[in-house]
Amino acid sequence: RAPPAAQRGRGSRAMGSQAGGPRVTAPGQQLRALFYALPPGESSFRTVQEVPDYVEKSIPFFIAFIGLELVVSWFQKRKLAGRINDGISSLSLGILSRLPDVLFRSVDLISYIYIWNNYRLFELPWDSPWTWYLTLLGVDFAYYCFHRISHEVNILWAAHQVHHSSEDYNLFTALRQSVLQKYTSWIFNLPMALFIPPSVFAVHLQFNLLYQFWIHTEVINKLGPLEWILNTPSHHRVHHGRNPYCIDKNYGGTLIIWDRIFGTFEAEDAKVVYGLTHPVNSFDPIMLQLRPLAHIWNTFWATPGFCNKFSVIFKGPGWGPGKPRLGLPEEIPVITGKEVLFNPYVPAYFNCYAVVHFVIIVDLYTELLGTVTMLSQGTILLRIAFIILSLTSFGLLMENRPKAGILEIIRCLVFIGVYKLGHLRSQFSSLGYAYEV
């Protein structure tokens, strides 16, 4: 049978970018979307084209909540939540993870719509509250399955561990994402395409992601009876811990019920120490993305036997010849409470310099997102290359690498050249001269 015309089009770079455009959401609605608090009547749409881009519209709220967290943390502990170097690293990884979306359409929606158009078994009504709540459960269960496998299969963990590489735990950490993870997660959503309309799926895919932003904080304690059903900051702190009792626990996205059902739940107990059991010790976003893959590559060739090589890729990250699939729990490093964070000393003016230039890159990145449909492919690639060069340079500066200054001088000269030639543009034309200075 022929699918409805509105559902038949290609996936877009951002939801709602095709004919008709997305509905405008009020600030109050957008705020409630962050907490999965928009009821079916306010978030049900007939077509994918009508679905707002809730994630992009949430950026001002991300900034506001990060500022609020810093203020609350100062009053609670007399210190800020996190460090400048780690915060810039997390934001750099967040920007890096979104750059492929500038060039390619969303693989989540493209694959989902393809299955829906060609293989769906039946069609649930898009405007039914029952469809809305069923999709909530379906998207969250698919996320639980993918998230758990990402911790238990080494090649998937190589991508996902980017999100766990921060030794701080704050709202910056929520934005610390992998470039590669999205190219495997879409598979877990496809069963829903057999009966759930793409427009309903597109809403919940965003809501599930947005909900997980606010739970990355230490300023919120336990939330009483909500802890039985919802994933909360307390539950997710455990998930990000490297304490032995925290490893491979609390995989839920919005709901914690899946962990309780399948035996992966653990309540917060001893003070959580964050990060990887074997820290990467880098702020370079490219290094953080690629080093785990390089480790698998080296281990693959160093491990004897075809079956063992296969196991290096598809068993757990702690596996080795003669060990169980997920490795030996006793080999997890013991937490002493005296762990030292990776925090190379840099002068205060380095931090100021990095913050100012990072803000400029955020401006250039946001302008790229807003004008991408009007740019040539060459200009888009040039801008992406410059953004990647800048994020790498900032990471090396934060590590106080000997050659970081040379790379930064080259980056600034490149900026002057491409800016003068018109290949880079700010959202604020009045700041053009200031940027050159």
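Residues 133-264 are 52% helix and 0% strand in this predicted model. The end C-alpha atoms of this span lie 24 Å apart. In the unreviewed UniProt entry, residues 133-264 carry the annotation "domain: Fatty acid hydroxylase". A second annotation from an unreviewed entry, "domain: Alkylglycerol monooxygenase C-terminal", covers residues 351-437. That span is 75% helix and 0% strand. Its end C-alpha atoms are 19 Å apart.

Confidence was considered next. The protein averages a pLDDT of 91. A score of at least 70 is reached by 95% of the residues. Residues 1-20 stay under 50. For these residues the model has 48 contacts beyond four places in sequence.

The domain assignment gives domain 1 as residues 28-262 and domain 2 as residues 348-425. The contact takes 11 residues from domain 1 and 18 residues from domain 2. The C-alpha centres of the two domains are 28 Å apart.

Two spans bear the UniProt annotation "transmembrane region", again from an unreviewed entry: residues 348-368 and residues 380-398. Residues 348-368 are 100% helix and 0% strand, with end C-alpha atoms 31 Å apart. Residues 380-398 are likewise 100% helix and 0% strand. Here the end C-alpha atoms lie 27 Å apart.

Helix α16 has 24 residues. From its first C-alpha to its last it reaches 35 Å, close to the 34 Å expected at 1.5 Å a residue. Its buried residues include the hydrophobic-named positions Ala354, Phe358, Ile360, Ile361, Leu364 and Leu368. Asn351, His357, Asp363, Tyr365, Glu367 and Thr371 are also buried in α16. The buried residues of α16 pack against α5 (84-103), α17, α18 and α19.Helix α5 holds Leu91. Leu91 is partly exposed, at a relative accessible area of 22%. Beyond four places in sequence, Leu91 touches Phe172, Leu175 and Phe358. Phe358 is one of the buried residues of α16. Leu91 and Leu391 are 300 residues apart along the chain, yet their C-alpha atoms are separated by 9.3 Å.

Helix α18 spans residues 404-420. Its 17 residues should span 24 Å at 1.5 Å a residue, and its end C-alpha atoms are 24 Å apart, so the two values agree. The buried residues of α18 are Ala404, Glu408, Arg411, Phe415, Val418 and Tyr419. They cover an arc of only 95° around the axis, which puts them on the same side of α18. The face turned away from this buried side carries the exposed residues Ile406, Ile409, Leu413 and Lys420.

The buried residues of α18 pack against three helices: α16 (348-371), α17 (377-398) and α19 (432-436). The buried residues of α16 in turn pack against α18, among others. Gly422 follows α18. The phi of Gly422 is positive, near 85°.

Terms used:
Residues numbered from 1 in each chain as written. Predicted model: local features only at pLDDT ≥ 70, side-chain atom pairs only at ≥ 80, totals over all residues. Heavy atoms only, no water. pLDDT = per-residue confidence, 0-100. Contact = heavy atoms within 4.5 Å. UniProt positions renumbered as here; feature names shortened; annotations may be inferred. Helix = DSSP H or I, 4+ residues; strand = E, 2+ residues; numbered from the N terminus. Expected span 1.5 Å × (residues − 1). Buried < 20%, exposed > 50% of the residue type's maximum accessible area, 1.4 Å probe, protein only. Arc of directions from axis to C-beta. Domains from an automatic or database assignment.
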